[in-house]
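Subject: Structure for your files

Hello,

Here is the structure I said I would pass on. My notes on it follow below.

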Amino acid sequence: PLTFDTEKINTYEIGLAYLNPENTYQAKLNLFYLERKNAQLRDAGGSKGFFTYFTSNQGDAKHYGAEYHSRWYFKPDWSLETNLNYLKATRDNSSRDLANAPKYKYAFLLRYTPDSGFYYNISINGSDEYFEENGHPEKREAFSIVNASVGYTKEQWDICLWAKNLFDHNYSQRIFYFNNYHPLDGGKNATQARLYKAYGDPLNYGITINYNW
């Protein structure tokens, strides 16, 4: 389809924010519920060189969940930042979750920032598995990624040694599912849909040097 109709969304939210008297712990909790009328969803169709993405109306949908964020200074020079998310998203005429809607995501960031100028960070980020598209049954797998850095800052200078995907976790960043050519077919055209994966970056590391003029 080249066109699609208007979508209407009703959103209901309630939240709570907290800051302790010592100003060492702050947090926000948010609960939400969305009603989508005539939901506009991305889909895909075709095959080989004629494969394309499009947007179409696919009935009503509901989303509900919770979000939590906090920052805790639990010791001098030490802090822990937390992000937790839960989501349930389905169409009214289907029991299957909508695409690109993982049930949970999380992130934790531990910082050490003493007055000496040295600093250290380590973080872990993760997500549940979820459907890549609404038009096929393939999912991106769940994953957890660890990043870390150590640095030194003084006056205008900042020097940082960093590593991303520290444990070299192999995870999908994008997947495709259609009947395109595949090397295992021995040069023949595919007769069945196949799964293709584009992977996230492996372990990579480096040094960043900044000077603030």
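**Salt bridges**

Lys 62 has a relative accessible area of 30%, so it is partly exposed. This comes from a predicted model, as does everything else in this email. Lys 62 forms a salt bridge with Asp 92, and the closest N and O atoms are 3.3 Å apart. Because Asp 92 sits in the loop between strand S6 (78–91) and strand S7 (104–112) while Lys 62 belongs to strand S5 (residues 61–75), the pair ties together parts that are 30 residues apart in sequence. Asp 92 is also partly exposed, at 44% relative accessibility.

Glu 81 and Arg 71 form another salt bridge through their side chains, at 3.3 Å from N to O. Glu 81 is in strand S6 and Arg 71 in strand S5, so this pair links parts that are ten residues apart in sequence. The two partners fall into separate classes of exposure: Glu 81 counts as buried at 17% relative accessibility, whereas Arg 71 counts as partly exposed at 25%.

Is the pair of Lys 88 and Asp 97 buried or exposed? Lys 88 is buried, with a relative accessible area of 18%, and Asp 97 is buried as well, with 16%. The cut-off for buried is under 20% relative accessible area, so both residues qualify. Their salt bridge has its closest N and O atoms 2.8 Å apart.

How many salt bridges does a search of the whole structure find? The search returns ten. There is also a network of salt bridges, which links Arg 42, Glu 132, Glu 133, Arg 140 and Arg 174.

**Nonpolar core and nonpolar patch**

In soluble globular proteins, nonpolar side chains tend to be buried together. In this model the largest nonpolar core has six residues in all, namely Ala 39, Leu 41, Ala 61, Ala 89, Leu 98 and Ala 101. Leu 41 touches Leu 98, another member of the core. Leaving out residues up to four places away in sequence, the other contacts of Leu 41 are Arg 36, Phe 54, Thr 55, Ser 56, Gln 58, Arg 91 and Asn 134.

There are nonpolar side chains on the surface too. A nonpolar patch of about 1,100 Å² is made by Phe 118, Tyr 120, Val 150, Trp 157, Ile 159, Leu 161, Ile 207, Ile 209, Tyr 211 and Trp 213. Which elements give two or more residues to this nonpolar patch? They are strand S8 (118–127), strand S12 (157–164) and strand S15 (204–211). Ile 207 is one of the patch residues and lies in strand S15. Its relative accessible area is 60%, so Ile 207 is exposed.

**Strand pairing around S11**

S8 and strand S11 (residues 143–154) run antiparallel and are joined by ten bridges. Within this pairing, Asn 121 has Ser 149 of S11 as its bridge partner. S11 also pairs with S12 in the antiparallel sense, over seven bridges. Here Tyr 152 is partnered with Ile 159 of S12, and Ile 159 is also among the residues of the nonpolar patch.

S11 and S12 form a hairpin with two residues between the strands, in which Glu 155 takes a positive phi near 50°.

**Other positive phi values**

Most residues other than glycine have a negative phi. Asn 38 departs from this with a positive phi near 60°. Asn 38 is placed in the loop between strand S2 (25–37) and strand S3 (40–45), and counts as partly exposed at 27% relative accessibility.

Asp 168 is not a glycine either, and has a positive phi of about 55°. Asp 168 lies in the loop between S12 and strand S13 (172–178). With a relative accessible area of 45%, Asp 168 is partly exposed.

**Asn 85**

Asn 85 lies in strand S6 and is partly exposed, with a relative accessible area of 32%. What does Asn 85 touch, not counting residues up to four places away in sequence? Its contacts are Ala 66, Glu 67, Lys 103, Tyr 104 and Lys 105. Asn 85 and Asp 5 are 80 residues apart along the chain, and their C-alpha atoms are separated by 30 Å.

Regards

Key:
Residues numbered from 1 in each chain as written. Predicted model: local features only at pLDDT ≥ 70, side-chain atom pairs only at ≥ 80, totals over all residues. Heavy atoms only, no water. Patch = residues over 30% accessible without salt bridge, like charges linked within 9 Å, V, L, I, M, F, W, Y side chains within 5 Å. Areas by Shrake-Rupley, 256 points an atom, 1.4 Å probe, with all protein chains shown as cover. Salt bridge = Lys/Arg side-chain N within 4 Å of Asp/Glu carboxyl O. Helix = DSSP H or I, 4+ residues; strand = E, 2+ residues; numbered from the N terminus. Buried < 20%, exposed > 50% of the residue type's maximum accessible area, 1.4 Å probe, protein only. Core = buried A, V, L, I, M, F, W, Y, C linked by side-chain atoms within 4.5 Å. Contact = heavy atoms within 4.5 Å. Pairing = 2+ DSSP bridges.
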